[in-house]
Amino acid sequence: MKKHTLLCSLFLCLLYLPSMVSADCTCDDELLPRHDASNRTKALKYKLVAIASILMAGALGVSLPILAKKIPTFRPENNVFFLIKAFAAGVILATAFVHILPDGYESLSSPCLSEKPWGVFPFSGFLAMVSAIATMMIDTFATSLYKKSHFNKALPVNGDEEMTGDHEGHVHVHTHATHGHAHGSAVVPQGSESSPHHHLIRQRIISQVLEMGIVVHSVIIGIALGASQSAKTIRPLVAALTFHQFFEGMGLGGCISQAKFKNRATAMMLVLFSLTTPMGIAIGMGVSKVYDENSPKALVVEGIFNSLSAGILIYMSLVDLLGVDFMNPIMQSNIKLQVGSNLSLILGVASMSLLAKWS
């Protein structure tokens with residue numbers, strides 16, 4: 001009798017095992033892992049290490065392309081810079097497709113959310129598409145408005161007028177490379193799309209929109225890491241996010257270096273990128289007692305913002321970074337540069353995709 005009872009119990013366990021496994025995905029507090037004091041202490045140490053390492057890696061990565069401009073080989077007009085930008089664009093593209101978009105899909109398809117509307121429609125892909133279209137619209141409208149307000153009018157230059165004042169630091173043309181004097185009378189056409197001034201406007205808009213997409217994602221991953229109480233979860237993330245921030249910083253730094261902002265604006269953009277993830281970790285640590293990453297509100301907010309960020313980065317990397325450089329006449333006329341840029345792109349994509357195993 002006992003033997004039959006044991007066999008029946010074993011059969012019932014096997015029968016209900018799938019439902020027991022799936023129950024781990026539910027949002028009941030009783031099923032969430034408990035973390036003892038020693039585990040919390042280890043987790044806190046890893047978080048502090050993460051703040052320091054990610055801060056240094058981000059600052060170094062975003063600063064390298066700007067500092068490299070002082071070296072003639074790495075200036076934007078040289079072929080090496082095309083290779084660096086291709087690698088950086090590959091990093092950003094892989095970040096969007098391999099890191100951010102899957103995170104958005106995972107959050108918005110979580111069993112913790114109600115079946116309607118989240119389970120009946122692919123919101124993650126839809127939001128990424130909407131975000132990419134919105135980015136394209138902002139990109140084109142901003143470029144058009146900026147161009148009309150600054151460059152559609154031919155700029156007359158008379159006498160010995162000094163080209164400074166309100167136009168200093170903008171992308172208005174100066175008569176000489178330095179702020180010299182204009183002699184005689186001339187009209188400087190500035191509305192041409194092929195002019196260096198139009199190109200400068202595009203680079204400034206690209207760098208600002210790109211940073212916006214990266215910053216949103218960085219805050220989210222920072223809060224998620226800071227709110228976690230599992231040392232086992234945090235430990236592999238420290239190294240992965242450190243490399244992630246370094247490569248991502250290189251991509252953003254390459255765009256900022258071409259935008260030729262004033263020193264103050266450049267410094268603000270570098271500091272903002274460098275501090276975003278560490279600040280997110282600090283915020284996550286502060287709200288860790290009340291923040292529940294499996295709550296419906298947290299999942300919806302994370303999923304929406306991750307999906308929107310993915311759309312921004314996909315558009316920027318394909319259209320404004322790769323599309324522009326790979327169709328550049330310099331690259332089109334140089335087969336070796338094309339091959340090198342494609343290999344650099346693949347290397348950037350592969351490097352960032354590999355980090356997805358640990359992040």
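## Backbone exceptions

At 56% relative accessibility, Lys260 counts as exposed, since the cut-off for that class is over 50%. Lys260 sits in the loop between H7 and H8. Although Lys260 is not a glycine, its phi is positive, at about 55°. This is a predicted model, and the angles and areas here are computed from it.

A second exception concerns a peptide bond. The bond from Lys116 to Pro117 is cis, with omega near 5°. Pro117 belongs to helix H4. Most residues other than glycine have a negative phi, and most peptide bonds are trans.

## Overall architecture

The protein has 11 helices and two strands. In sequence order the pattern is α-α-α-α-α-β-β-α-α-α-α-α-α. Of the contacts between residues at least 6 apart in sequence, 82% join residues at least 24 apart.

Of the 359 residues in the protein, 42% are buried. The exposed surface amounts to about 19,600 Å², and carbon and sulfur atoms supply 69% of that area.

## Annotated transmembrane regions

An unreviewed UniProt entry annotates residues 47–68, 80–101, 121–146, 267–287, 307–327 and 339–358 as "transmembrane region". Two of these spans can be described from the model. Residues 267–287 are 95% helix and 0% strand, with the end C-alpha atoms 30 Å apart. For residues 307–327 the content is 95% helix and 0% strand, and the end C-alpha atoms are separated by 28 Å.

## Nonpolar cores

The largest nonpolar core contains 38 residues, and those with the most contacts inside it are Leu210, Leu252, Ile256, Leu313, Met316 and Leu321. The elements that give two or more residues to this core are helix H2 (37–68), helix H3 (79–108), helix H5 (123–150), helix H6 (196–227), helix H7 (231–259), helix H8 (263–286), helix H9 (296–326) and helix H11 (335–355). H9 supplies the largest share, nine residues. A second core, separate from this one, has 11 residues and includes Ala43, Ala50, Ile234 and Leu241.

Which residues does Leu321 touch, not counting residues up to four places away in sequence? They are Lys85, Ala89, Ile92, Ile206, Leu210, Cys255 and Met316. Two of these, Leu210 and Met316, are themselves among the core residues with the most contacts.

## Surroundings of Cys255

Cys255 is located in helix H7. Its relative accessible area is 1%, so Cys255 is buried. Outside its neighbours within four places in sequence, Cys255 is in contact with Gln203, Ile206, Ser207, Leu210 and Leu321. Cys255 and Leu210 are 45 residues apart in sequence, and their C-alpha atoms are 8.6 Å apart in space.

## A buried salt bridge

How many salt bridges does the model contain? The count comes to one. It joins the side chains of Asp325 and Lys85, with an N to O distance of 3.2 Å. Asp325 lies in helix H9 and Lys85 in helix H3, so the pair ties together parts that are 240 residues apart in sequence.

Are the two partners buried or exposed? Asp325 counts as buried because its relative accessibility is 9%, and the cut-off for burial is under 20%. Lys85 is buried as well, because its relative accessibility is 8%. Apart from neighbours within four places in sequence, Lys85 is in contact with Gln203, Gln258, Leu321 and Asp325. Lys85 therefore touches both its salt-bridge partner and Leu321 of the largest nonpolar core. Gln203 is a contact of Lys85 and also a contact of Cys255.

## Nonpolar surface patch

A nonpolar patch on the surface is formed by Val120, Phe121, Phe126, Met129, Val130, Ile133, Met136, Met137, Phe141 and Leu145, which together have about 920 Å² of accessible area. Val120 is placed in the loop between helix H4 (115–118) and H5. With a relative accessible area of 52%, Val120 is exposed.

The UniProt annotation "transmembrane region" includes the span 121–146, and patch members such as Phe121 and Leu145 carry numbers within that span. In soluble globular proteins, nonpolar side chains tend to be buried together.

Conventions: Residues are numbered from 1 along each chain as its sequence is written. This is a predicted model: local features need pLDDT of at least 70, side-chain atom pairs count only at pLDDT 80 or more; totals for chains, interfaces and linings use all residues. Side-chain values use heavy atoms; hydrogens and water are left out. A nonpolar core is a set of buried Ala, Val, Leu, Ile, Met, Phe, Trp, Tyr and Cys residues joined through side-chain atoms within 4.5 Å. Buried means under 20% relative accessible area, exposed over 50%, partly exposed in between (1.4 Å probe, protein chains only). Helices (H or I, at least four residues) and strands (E, at least two) are DSSP runs, numbered from the N terminus. Contact means heavy atoms within 4.5 Å. UniProt positions are given in the numbering used here, feature names are shortened, and annotations may be inferred rather than shown by experiment. A salt bridge is a side-chain nitrogen of Lys or Arg within 4 Å of a carboxyl oxygen of Asp or Glu. Patches are made of residues with over 30% relative accessible area and no salt bridge: like charges are joined within 9 Å, nonpolar side chains (Val, Leu, Ile, Met, Phe, Trp, Tyr) within 5 Å. Accessible areas come from the Shrake-Rupley method with a 1.4 Å probe; for residues, only the protein chains shown count as cover.
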